[in-house]
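Let's take a friendly walk through a protein model. Keep the picture open beside the text and look up each residue as it comes along.

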Amino acid sequence: DVFQKYLESWHLRPNPRKTAALALHLNNRESERELDLYMCGERIPNEKNPKYLGVNVDRSLTYKAHIEGVKNKIKSRNNLVNKLAGTSWGSKAATLRTSAMALVYSSAEYCSPVWSRSAHCGRIDTELNKTMRTITGTIKSTPAQWLPILSNIPPPDLRRLHTTSREMNKFKNNPQLPAFNDVYHPPQKRLKSRNPIWTVKTENFDPQEAWKQRWETEQVVNKHLITDPTIRVPGFNLPRKVWVQQNRVRTEQGCCNYLLWRWGKRENPDCECGAVQTIRHIVQDCQLRKFSGNLQDIHEAKPEAVEWLGGLEPRI
């Protein structure tokens, strides 16, 4: 009644049909209880996941429903990006990256400082990995550590942490904001499983430096090719077919007989020359197809390497 009178005093007409009720609490025994609230003589409906400023809120603030919705939205937008690329045709990596940032990442990171500490964020990361595989042309077995480097997009969790850091700095520099006291004079944390925004160490957070430190600890094949993960790898503007071949050589994950045999797609893993046909064998040892240079030449997209990748048959 007080709220209704306040609105009417400002000549605003409340609409109960556009209003939802939700009790935020951690008492599972009361999870099905509904609030009996009325406005303008009409009962306000109770919703389990009402949307507030584009974010689906749930009773215990796990953001599971919101993240599930974001995941489905990313999946449909990934389908649009996939229309622009195949393994041997389609747009160049730079075009695909720009399209992905505009269509996919804009939705994937909306309001991320609110929900980025949820235990369900991995569902979004899985879909973003698919986005990066489309940009790079890599296959599903490619280690996920390679995907941000080849697509020149920082890992999703570091991007979310960077966004949170900027939001925290905004609070820090504006004590007059209502959220300032909530963040810098927070209540006592009740559950260890909860990680509110003020528990995150984000002061002076540098996503580029954090990415470099993470790459130093990774254990992936051909790691020596990348000295700085933040720098765009050579070959980004190569034709789609050559770009895909180049990345599969870098990661040693492609359609060679050995991997096809492991996946049940070939009867044996042998090459026509008699040895087991791995990506490394094709590049360095195969008497029928090997490259005259070295792996570094392929990584740097030198002219002879581009010519060899473009003419390599069968495609890997």
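## A guided look at the model

Cys255 is partly exposed, with a relative accessible area of 32%; buried means under 20%, exposed over 50% and partly exposed in between, using a 1.4 Å probe and protein chains only. Before going on, please note that this is a predicted model, in which local features need pLDDT of at least 70 and side-chain atom pairs count only at pLDDT 80 or more, while totals for chains, interfaces and linings use all residues. Residues are numbered from 1 along each chain as its sequence is written, and side-chain values use heavy atoms, with hydrogens and water left out.

### Cysteines

How many disulfides does the structure hold? There are 0 disulfides, a disulfide being a pair of cysteine sulfur atoms within 2.5 Å. Cys121 is in no disulfide, and the nearest cysteine sulfur, in Cys111, is 13 Å away. Cys121 is also buried, at 5% relative accessible area. For Cys255, the closest cysteine sulfur belongs to Cys256; the two sulfurs are 8.0 Å apart, which is too far for a bond.

### Helix α10 and the core

Now find helix α10, residues 240-251. Helices here are DSSP runs of H or I with at least four residues, strands are runs of E with at least two, and both are numbered from the N terminus. From its first C-alpha to its last, α10 reaches 17 Å with its 12 residues, close to the expected 16 Å. That expected span is 1.5 Å times one less than the number of residues.

Is α10 largely enclosed or largely open? Since 11 of its 12 residues are buried, α10 is largely enclosed by the rest of the structure. Among the buried residues are Arg240, Trp243, Asn247 and Val249. Their cover includes α3 (93-108), α5 (122-136) and α14 (303-311). Just after the helix comes Glu252, with a positive phi near 55°.

Val249 deserves a second look. Leaving out residues up to four places away in sequence, Val249 touches Asn222, Ile279, Val283, Leu295, Ile298, Leu309 and Ile316, where contact means heavy atoms within 4.5 Å. Val249 is also one of the residues with the most contacts inside the largest nonpolar core, along with Ile124, Ile298 and Trp308. This core has 51 residues, and its largest share, 6 residues, comes from α3. A nonpolar core is a set of buried Ala, Val, Leu, Ile, Met, Phe, Trp, Tyr and Cys residues joined through side-chain atoms within 4.5 Å. In soluble globular proteins, nonpolar side chains tend to be buried together.

### The largest pocket

The largest pocket has a volume of about 1,100 Å³. A pocket is found on a 1 Å grid over the protein atoms alone, as an open set of points with protein on both sides within 12 Å along at least five of seven lines; lining residues have an atom within 4 Å of a point. Its volume is the space filled by probe spheres set on the points, which are joined across faces, edges and corners.

Which residues lie nearest the centre of the largest pocket? They are Leu61, Tyr63, Pro196, Ile197 and Trp198, out of 30 lining residues. Helix α4 (112-115) and helix α7 (156-172) each supply at least two lining residues, and α4 gives the most, with 3.

### Residues in loops

Several loop residues are worth finding, and the table lists four of them.

| Residue | Place | Relative accessibility |
|---|---|---|
| Leu61 | loop between β4 (55-56) and α2 (64-82) | 38%, partly exposed |
| Glu109 | loop between α3 and α4 | 17%, buried |
| Asn152 | loop between α6 and α7 | 13%, buried |
| Val200 | loop between α8 and α9 (207-217) | 19%, buried |

Leu61 has a positive phi of about 55° although it is not a glycine. Asn152 is not a glycine either, and its phi is positive at about 60°. Setting aside neighbours within four places in sequence, Glu109 is in contact with Trp115 and Arg159. Val200 touches Arg117 and Leu161, not counting residues up to four places away. The C-alpha atoms of Val200 and Met168 are separated by 9.5 Å, and these residues are 32 apart along the chain.

### Two last stops

In the segment after α14 you will find Pro314. The peptide bond from Glu313 to Pro314 is cis, with omega near -5°. Finally, Ala179 sits in helix α8 (residues 179-184) and is partly exposed at 25% relative accessibility. Its C-alpha is 47 Å from that of Trp243, and the two residues are 64 apart along the chain.

Notes
On a 1 Å grid over the protein atoms alone, a cavity is a set of points where a 1.4 Å probe fits but cannot get out, and a pocket is an open set with protein on both sides within 12 Å along at least five of seven lines; lining residues have an atom within 4 Å of a point.
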